[in-house]
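Q: Could you take a close look at one part of this protein for me, the nonpolar core, and walk me through how the pieces around it fit together?

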Amino acid sequence: MAQSITEDSVRAALTDRLKASHVEVQDMSGGCGQAFTSLIVSPEFVGKNSLQRHRLVNAALKDEIAQIHAWSAKCQTPEEYEKEKAATGGNDGPPLDGTAGGEVTGVRQ
């Protein structure tokens, strides 16, 4: 039986597998573990374009992504993250596009 996917399990996997220095994960499915958005800050992204970064994330979370319905990620280098944090006052997190108040509608159990 597949293990339940949670914000904590995704955060731990990304931190470990991508040597991430900062990870924010939000379950947008109201807690049922079917839709997640994330902000991932990793030195592994340095010198890589957006597509290459997302491919790294998808490979790192291959098993987890296979078990969920929706996944989005914002991938930044530590330098990009610090620059954006300074510009936004630290109020920028995972992308919430296409959500209603941070939740994907129609996925609650």
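A: First, a quick working definition: a nonpolar core here is a set of buried Ala, Val, Leu, Ile, Met, Phe, Trp, Tyr and Cys residues joined through side-chain atoms within 4.5 Å, and buried means under 20% relative accessible area. Keep in mind that this is a predicted model.

The largest core of that kind has 17 residues, and the members touching the most others are Leu14, Leu18, Ile40 and Val57. Helix 1 (7-17), strand 1 (22-27), strand 2 (35-41), helix 2 (50-60) and strand 3 (70-76) are the elements that each put in two or more residues. Helix 1 gives the largest share, 3 residues. As a general point, nonpolar side chains in soluble globular proteins tend to be buried together.

Val57 is a handy place to zoom in. Setting aside neighbours within four places in sequence, Val57 is in contact with Leu14, Leu18 and Ile40, and also with Phe45, Trp71 and Cys75.

Now for the sheet. Its 3 strands form an open sheet in the order 1-2-3, with mixed pairing. Strand 1 and strand 3 are the edges, each pairing on one side only, and the twist averages 10 degrees from one strand to the next. Strands 1 and 2 run antiparallel and are joined by 6 bridges; if you want a spot to click on, Gln26 stands opposite Thr37 in strand 2.

Then come the helices. Helix 1 lies across strand 1, strand 2 and strand 3, at about 155 degrees to strand 1. Helix 4 (residues 78-88) also lies across strand 1, strand 2 and strand 3, running at about 90 degrees to strand 3.

Technical notes:
Residues numbered from 1 in each chain as written. Predicted model: local features only at pLDDT ≥ 70, side-chain atom pairs only at ≥ 80, totals over all residues. Heavy atoms only, no water. Buried < 20%, exposed > 50% of the residue type's maximum accessible area, 1.4 Å probe, protein only. Helix = DSSP H or I, 4+ residues; strand = E, 2+ residues; numbered from the N terminus. Contact = heavy atoms within 4.5 Å. Pairing = 2+ DSSP bridges. Axes fitted to C-alpha atoms, helices over the stretch in contact; angles between N-to-C directions.
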